[in-house]
Amino acid sequence: MNQESPTKPASNKLVIRNIGLLLSGDLDRPILDADTVVAMDGVVHAVGKHKDVDVAGATTTIDAKDTALAPGLIDSHVHPVCGDWTPRQNQLGWIDSCLHGGVTTMVSAGEVHTPGRPKDIVGLKAMAIFAQRAFQAFRPGGVKIYAGAPVLEQGMVEDDFKELAAAGVKLLGEVGLGSVKDGTTGGRMVAWARKYGIQSTIHTGGPSIPGSSLIDKDMVLETDADVIGHVNGGHTALPDDQIKELCERSPRALEIVHNGNERAGLLALRTAKELRQLHRVILGTDSPAGSGVQPLGILRMISMLSSLGEIPAEVAICLATGNTAKMRNLNCGLIAPGREASFVFLDTAQQSAGKNLLDSIQKGDLPGVGMVITDGSISIQRSRNTPPATRVPEVVKP
């Protein structure tokens, strides 16, 4: 039994039993020999066999019905604006729709689609602090959004990053989307941000929005941002030799996105695999974008990378959970004591040719989502967006 002792009695105790397959999110041990998870007040307390864990006093008990339990998926690259609306597609409810695709956590790569986005330093700092505060207080459907990611503009000085960090801003928007488009200046600002605990992402590839430009491997390497954003382009990818060089020469996270070049994404995955550095690979959608909103984008990436990239399905799931959590310093993405109790129940889609869940993903099918839990509470039951799962979990009545 793997267990932590709570410091005080829990007011909300969740017990999930009869788990058929427990996917940990940990690349070093993606499948756990366990059938029960206990969470208290939104935090995982115990993972183990039902006979070995304390399930007494549960306020909510879920019978997994032999389905798979995985950490809630993390979208490492989104562009939120205001609440659950995107001006890019003039669509309401896009974040809630992603919840139905198993996503429980999103990381902003910049609120760059905001109409009239301020580009003066006072304005960009104000907008970043506003976005951080707003999404800290607002969780569409239960999705946790790490927002407030200012885009770098010329004239920013070290004190600006100190001020942002003191206000709670922990992210930079994609370097290269603002007026800073040279590696020397970008690298200096990234270093200032890192000094104050602010993580950075760099735009990679061809232009994606008006005002952006080509960001090639030389600028990426010189800037040395923490995350190589959409290494497979968003939309337009760099040449193959540049992608390989980024994988080989940079130690930073390699982010593969749905809104990018799929062939280039597979190239990045295979290169990381050859280098034995799959722990660097994380997944995002880069939505909303010109290609639309992709509620199932992370699931589609998992299926595509597993089936065409020839990695086990349980490993592909780690790229969208534990890998991202570790790279982004998040307390989710892993099913382990002390981690946030955010989960997705998965099962083979009805009529899939796959023999089981993992085999169906490896064959390229999407799984069915039967339930999503955020912070120990049920957010949705059967997904309205995925193909129907063969089996779904049930809440057990007292």
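A salt bridge here is a side-chain nitrogen of Lys or Arg within 4 Å of a carboxyl oxygen of Asp or Glu. R194 and D226 fit that description, with their side chains meeting at 3.2 Å, N to O. Keep in mind that this is a predicted model. By the salt-bridge rule, the count comes to 24. Below is a quick tour of some of those pairs, one helix and a few backbone oddities.

**The R194 pair and its network**

- R194 sits in helix α4 (residues 183-195) and D226 in the loop between α5 (217-223) and β15 (227-228), so this salt bridge ties together parts that are 32 residues apart in sequence.
- The two partners fall on either side of the 20% cut-off for burial: R194 counts as partly exposed at 31% relative accessibility, whereas D226 is buried at 15%.
- There's a bit of a cluster to look at too, since R194, D224, D226 and R252 are linked in a network of salt bridges.

**Salt bridges between distant parts of the chain**

- D26 and K326 pair up through their side chains, with N to O at 3.4 Å.
- That pair links distant parts of the chain, 300 residues apart: D26 is in the loop between β3 (21-23) and β4 (31-32), and K326 is in helix α10 (residues 322-328).
- D26 is partly exposed, with 23% relative accessibility, and K326 also counts as partly exposed, at 43%.
- D96 and R384 form another salt bridge, and their closest N and O atoms are 2.9 Å apart.
- Here the link spans 288 residues, from D96 in helix α1 (residues 94-99) to R384 in the loop between β20 (377-380) and β21 (394-396).
- D96 itself is partly exposed, at a relative accessible area of 21%.

**Helix α2**

- Helix α2 (residues 121-137) has 17 residues, which at 1.5 Å a residue should span 24 Å; the end C-alpha atoms are 25 Å apart, so the two values agree.
- If you want to look at its inward side chains, the buried residues are G123, L124, K125, M127, A128, A131, Q132 and F135.
- Those buried residues of α2 pack against α1, β13 (144-146) and α3 (158-166).
- As a general reminder, an α-helix has 3.6 residues a turn, so residues three or four places apart point the same way.

**Cis peptide bonds**

- The bond from G234 to H235 is cis, with omega near 10°.
- H235 belongs to the loop between β15 and α6 (240-249).
- Another cis peptide bond runs from S287 to P288, with omega near -5°.
- P288 is found in the loop between β17 (281-284) and α8 (297-309).

**Positive phi outside glycine**

- D66 isn't a glycine, yet its phi is positive at about 70°.
- You'll find D66 in the loop between β7 (60-63) and β8 (68-71), where it is partly exposed with a relative accessible area of 45%.
- D286 is another non-glycine residue with a positive phi, near 65°.
- D286 lies in the loop between β17 and α8, and that is also where P288 of the cis bond sits.
- With a relative accessible area of 6%, D286 is buried.

Definitions and conventions. Residues numbered from 1 in each chain as written. Predicted model: local features only at pLDDT ≥ 70, side-chain atom pairs only at ≥ 80, totals over all residues. Heavy atoms only, no water. Helix = DSSP H or I, 4+ residues; strand = E, 2+ residues; numbered from the N terminus. Buried < 20%, exposed > 50% of the residue type's maximum accessible area, 1.4 Å probe, protein only. Expected span 1.5 Å × (residues − 1). Contact = heavy atoms within 4.5 Å.
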